[in-house]
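Please open the model in your viewer and keep the selection panel at hand for a short tour.

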Amino acid sequence: MLVPVFTLKLRHRILPRMVALGRFDGAHPCLAAATQASKVFIHNPHARGQQVNTNRLMLSAQDADISLLNINEAVSCLTAGVLNPDLGGDVLLVGTQTSLLAYDVHNNADLFYAGVPDGANTIVLGTLGDISSPLAIIGGNCSLQGFNHEGKDLFWTVTGDNVRALALCDFDGDGKKELLVGSEDFDIRVFREDEIVAEMAETEIITALTPMGSSRFGYALSNGTVGIYNQAARYWRIKSKNQAMSIHAFDINSDGVCELITGWSSGKIDARSDRTGEVIFKDNFASSVAGIVQGDYRMDGNTQLICCSVDGEVRGYLPGSQEKGKLMDVSVEQALIRELSQKKQNLLLELRNYEENSKQVELNTQVNEADGQKGVIPANTQLQTALSVNLGSDSESAHVELRISTSNDTIIRAVLIFAEGIFEGESHVIHPSLQHLSSHIKVPLHPPKDIPVELNIKAFVGYRNSMQFHVFELSRQLPRFSMYILSSPDSAPGPLSFVRCTISERVQTVILWLKQNFLLPEDMKMQSESFEVCFTSLRDAGQLCIKMQPSGEISINTDNIDLAGDIIQSMASFWAIEDLQVEADFPAYFEEVRKALIAVDSSHAVCQKLTANMADNSNLIRSMLVRAEDSRLMGDMKNTKKRYAELYDLNRDLLSQYKIRCTNHTELLSNLKAVNQAIQRAGHLRVGKPKMQVIAGCRDAIKNNSINMLIKIMRLGTTSS
């Protein structure tokens, strides 16, 4: 359904996921891409010879249509678009691990240059929520930051882990765009400005996101999975052995609905139906796909889908034209006939198998009845499941146990379980040997995270000597906090850390929440006015105690701040609580945060000192090099050798200082990540407006370099006593 209309061979290699298309002069579309040696090339075939050389932008010696932009740092992300509506053209945005550059390509001028301590892993440009001006939003080291055209920081918040993908999409259909964030903790979060409105857990790192129109969006994972969500519900997904390098939404059949275009590491380009994921177009490059964009690159009034490979090949595609409509219709009809013919053959083969199976079952039944054995399983046979906690022989082998059994003396020949995030490869097959066949099977489960998991089970059931087996299918929900076993309050000392809040729910509803989210004994009874339950983690033997008073005050005692936040969020979701303020105290964790902040200040001081020393040494080297060359030209070999020896020592010192600076920068990023995660965790303990207030207050405290104020906000949720 796509027709190639042009091909370009650019003699520059392109870095993956760093391709953009912009009208930098307001009229002519240009292709921009990051290349090696810390450069960005801009391909402009529409205005040849009009570029003006500056210190930053220079013509390429290899291609007259290409200009090279020197960044002087490794480029980590790149995009183009309207940042300043009054400028009259698009802006090129280039991110590195330390800065963000907004560049006016047409006028060869920097619009702004902003330091980014958390780095820029990915970038998106557009309007967000009620913020009127367009923002350049970058995702970095557990943080999100948005800049306007003046370089002012108008948006900032934190997220759970390093950000790898961003997209702007009208997620809830209110006419305003939300920010989709994919990170290394396998979660897709939806931000309405700085408020999280939805979270979707995936099975791998999210590497790409793209809006599909309305409230739908496409996503890609590092394990080769691509798919589409409609709000928080997944439409479909497929998994490939190759990695999805780029995804894009484009209407290839002019039906008003965008298909998902995917560029793969193998060089394949495919287009999939937004409803079913079926491939409706594919093509191949000689090398990995680097990026996919769209625009009227030929300036003929038609929007092309533009695909780029890492070796510099660029192809433009158009939906099939009306002139070729008849040929396409014939082609579609032939493809439909082939598809229907294949379906017919498959159905005939399936019918033949059913007939042979029926004869075999009748024969087996007669033989088995003659031998006193059973053949066809009883009509009332049922597959039953039960979940329990198995402590094992030691703490490392403790796990949740799924027991699958039949309701009679039939045996289970094989079991297939599909569950996201529990098994490697997302599925698990149990195929007992003939000597161990029985009517029940036990499956150990080790959920790595506290999230509810749907277990989809398929089992082959029959008799030991059966040749044909019946397939039973059922689903079972694994509770969110299934890796915690009920324990006695006196079995271990209670945790010192706690979260305390007050809700207007009755004790009975809290007990109902407990039964839905934990594996509790069916005969367990609790008091109707107040209660206390304690659990032990099967992962690290950590203690968890949940208490409720008649006044509605709930106390959650645990040293795991992530667990406390998950429990608060689960409760808020269960009772549809919009705003919830809590008091929290995690002495050991808050002390780690205090140390991280002190280390950040120390790293900044060391960095400034090293930068000053390196600048002094650089000036000294320049001066000494001139003197050494003067001595050489004058034939004074003694002083020449002396000065070059001193130059060698200075250069060695510079290299040593550079290594120290790199180590210091790595420690700085690690500590900044710890601080950002601490702010996110403190916000995760609250719901709604209190959550937003905590994140904003923590940022203000960091700006003011007030560690005590930061810890106070994390504890109380506010600066007031």
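In which handedness of crossing does α4 pass α5? The crossing is left-handed, a term that applies if the near helix is turned anticlockwise from the far one by less than a right angle, right-handed being the clockwise case. Before going further, note that this is a predicted model, in which local features need pLDDT of at least 70 and side-chain atom pairs count only at pLDDT 80 or more, while totals for chains, interfaces and linings use all residues. Residues are numbered from 1 along each chain as its sequence is written, and side-chain values use heavy atoms, with hydrogens and water left out.

Select residues 587-633 for helix α4 and residues 637-684 for helix α5, which pack at an angle of about 160° with their axes 7 Å apart. The two helices are therefore roughly antiparallel (an angle over 145 degrees).

Next, select residues 587-683, where an unreviewed UniProt entry places the feature "domain: BBS2 hairpin"; such annotations may be inferred rather than shown by experiment. This span is 97% helix and 0% strand, and its end C-alpha atoms lie 17 Å apart.

Finally, turn to the cysteines: a search of the whole structure finds 0 disulfides, a disulfide being a pair of cysteine sulfur atoms within 2.5 Å. Select C169, whose nearest cysteine sulfur, that of C258, is 11 Å away; C169 counts as buried at 2% relative accessibility (buried means under 20% relative accessible area, exposed over 50%, and partly exposed in between, with a 1.4 Å probe and protein chains only). Then select C258, which is partly exposed with a relative accessible area of 23%, and whose sulfur is too far from that of C169 for a bond.

Technical notes
Axes are lines fitted to C-alpha atoms, for helices over the stretch in contact, and angles run from 0 to 180 degrees between N-to-C directions. Helices (H or I, at least four residues) and strands (E, at least two) are DSSP runs, numbered from the N terminus. Angles under 35 degrees count as roughly parallel, over 145 as roughly antiparallel, 65 to 115 as roughly perpendicular and the rest as oblique.
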